[in-house]
Amino acid sequence: MKECRIIRKSSFYFIGLKWTGTYEAAAHGSIQPVIQASKDRLQELQLTNVHSNLIGLSYHDRIDGFTYYIGTEAIKSQPIPPDMHKIIIPSHDYAITEHKGQHAWKSYEQLYRWVEEHGYHINSSGFNHLDVYPIDYDPFKLNPSLTIGVPVKLPTRSID
């Protein structure tokens, strides 16, 4: 079993492109050109550097598919071009795991199972999960390496 753990991430501004489609379309690669276009656009606007990460935000907003935003953290004062989306992501606790290779869906399943087994609850207000890729990620490569994060609610503890 891959290592899963809890981290806290402060709120941040996100800027990126949007893809909407079915799970089947994503599985057949229709999302990859949007990921590449986002990388290219962010570099063109000089919004990334070698220390940046590429971030994917997944919103499971309908039964047959989802909306995926792909971009990076932005500085609050940056002007946002009209073809891009800006989202404020609030502070969250995340259950995370690292994925390498094919079949990323298995890592998602494992992470969701780990969350349940450890008594955490999915924080379902907002997006369903985030993906963090290195900035040199190639969306057409069949063996991606990424960090998967699921926003969770930590159990409350009483003071006795």
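This report walks through the overall fold, the two largest pockets and a few individual residues of a predicted model.

## The chain as a whole

Let's start with the overall layout. The chain holds three helices and nine strands. Read from the N terminus, these elements follow the order β-β-α-α-β-β-β-β-α-β-β-β. The C-alpha trace spans about 55 × 35 × 30 Å along its principal axes. The radius of gyration is 16 Å, which agrees with the value near 15 Å that a compact globule of 160 residues would have. Of the 160 residues, 45% count as buried. Among contacts in the chain with a separation of 6 or more, 75% are between residues 24 or more positions apart.

## The largest pocket

Next come the open spaces. Rolling a probe the size of a water molecule over the atoms shows where empty space is left. The largest pocket encloses about 820 Å³, and 30 residues line it. If you would like to find its centre in the viewer, look for Ala 26, Ala 27, Ala 104, Trp 105 and Tyr 108, the lining residues that lie nearest to that point.

Which elements supply at least two residues each to this lining? They are the helices α1 (23-27), α2 (32-44) and α3 (104-117), together with the strands β3 (53-62), β4 (65-74) and β8 (129-134). The largest share, four residues, comes from α3. By class, the lining of the largest pocket has 18 nonpolar, ten polar and two charged residues.

## The second largest pocket

The second largest pocket has a volume of about 260 Å³. It is lined by 15 residues, and those closest to its centre are Lys 9, Asn 53, Ile 55, Glu 73 and Val 132. Two or more lining residues come from each of β1 (4-9), β3, β4, β6 (92-100), β8 and β9 (145-153). Here β9 gives the largest share, with three residues. The lining of the second largest pocket divides into seven nonpolar, six polar and two charged residues.

## Two threonines in strand β4

Strand β4 carries two threonines worth a visit. Thr 72 lies in this strand, and its relative accessibility of 3% is under the 20% cut-off, so Thr 72 counts as buried. What does the side chain of Thr 72 find at 2.8 Å from one of its polar atoms? The partner there is the backbone oxygen of Asn 53. Beyond its neighbours within four places in sequence, Thr 72 is in contact with Tyr 13, Phe 14, Ile 15, Leu 42, Leu 47, Thr 48, Ser 52, Asn 53 and Ile 55.

Thr 67 also has its place in strand β4. Thr 67 has a relative accessible area of 4%, so this residue is buried. Its side chain makes a polar contact with the side chain of Asp 61, at 2.6 Å. With neighbours within four places in sequence set aside, the contacts of Thr 67 are Lys 18, Trp 19, Thr 20, Leu 57, Ser 58, Tyr 59, Asp 61 and Arg 62.

## Pro 134 in strand β8

Pro 134 is part of strand β8. Is Pro 134 buried or partly exposed? With 36% relative accessibility, Pro 134 counts as partly exposed. Its C-alpha atom is separated by 7.4 Å from that of Ser 52, although the two residues are 82 residues apart along the chain. Apart from residues up to four places away in sequence, Pro 134 touches Asn 53, Leu 54 and Ser 145.

## Two residues with positive phi

Finally, a look at the backbone. Most residues other than glycine have a negative phi. Gln 46 is not a glycine, yet its phi is positive, at about 55°. This residue sits in the loop between α2 and β3. His 103 is not a glycine either, and its phi is positive at about 60°. The loop between β6 and α3 is where His 103 is found.

The accessibilities of the five residues visited above are set out here.

| Residue | Relative accessibility | Class |
|---|---|---|
| Thr 72 | 3% | buried |
| Thr 67 | 4% | buried |
| Pro 134 | 36% | partly exposed |
| His 103 | 44% | partly exposed |
| Gln 46 | 69% | exposed |

Technical notes:
Residues are numbered from 1 along each chain as its sequence is written. This is a predicted model: local features need pLDDT of at least 70, side-chain atom pairs count only at pLDDT 80 or more; totals for chains, interfaces and linings use all residues. Side-chain values use heavy atoms; hydrogens and water are left out. On a 1 Å grid over the protein atoms alone, a cavity is a set of points where a 1.4 Å probe fits but cannot get out, and a pocket is an open set with protein on both sides within 12 Å along at least five of seven lines; lining residues have an atom within 4 Å of a point. Grid points are joined across faces, edges and corners, and a volume is the space filled by probe spheres set on the points. Ala, Val, Leu, Ile, Met, Phe, Trp, Tyr, Cys and Pro count as nonpolar, Asp, Glu, Lys and Arg as charged, and the others, Gly among them, as polar. Buried means under 20% relative accessible area, exposed over 50%, partly exposed in between (1.4 Å probe, protein chains only). A polar contact is a pair of N or O atoms within 3.5 Å; within protein, one must be able to donate a hydrogen and the other to accept it, and residues adjacent in sequence count only if both atoms are side-chain atoms. Contact means heavy atoms within 4.5 Å. The radius of gyration is taken over C-alpha atoms; the globule rule is 2.2 Å times the number of residues to the power 0.38.
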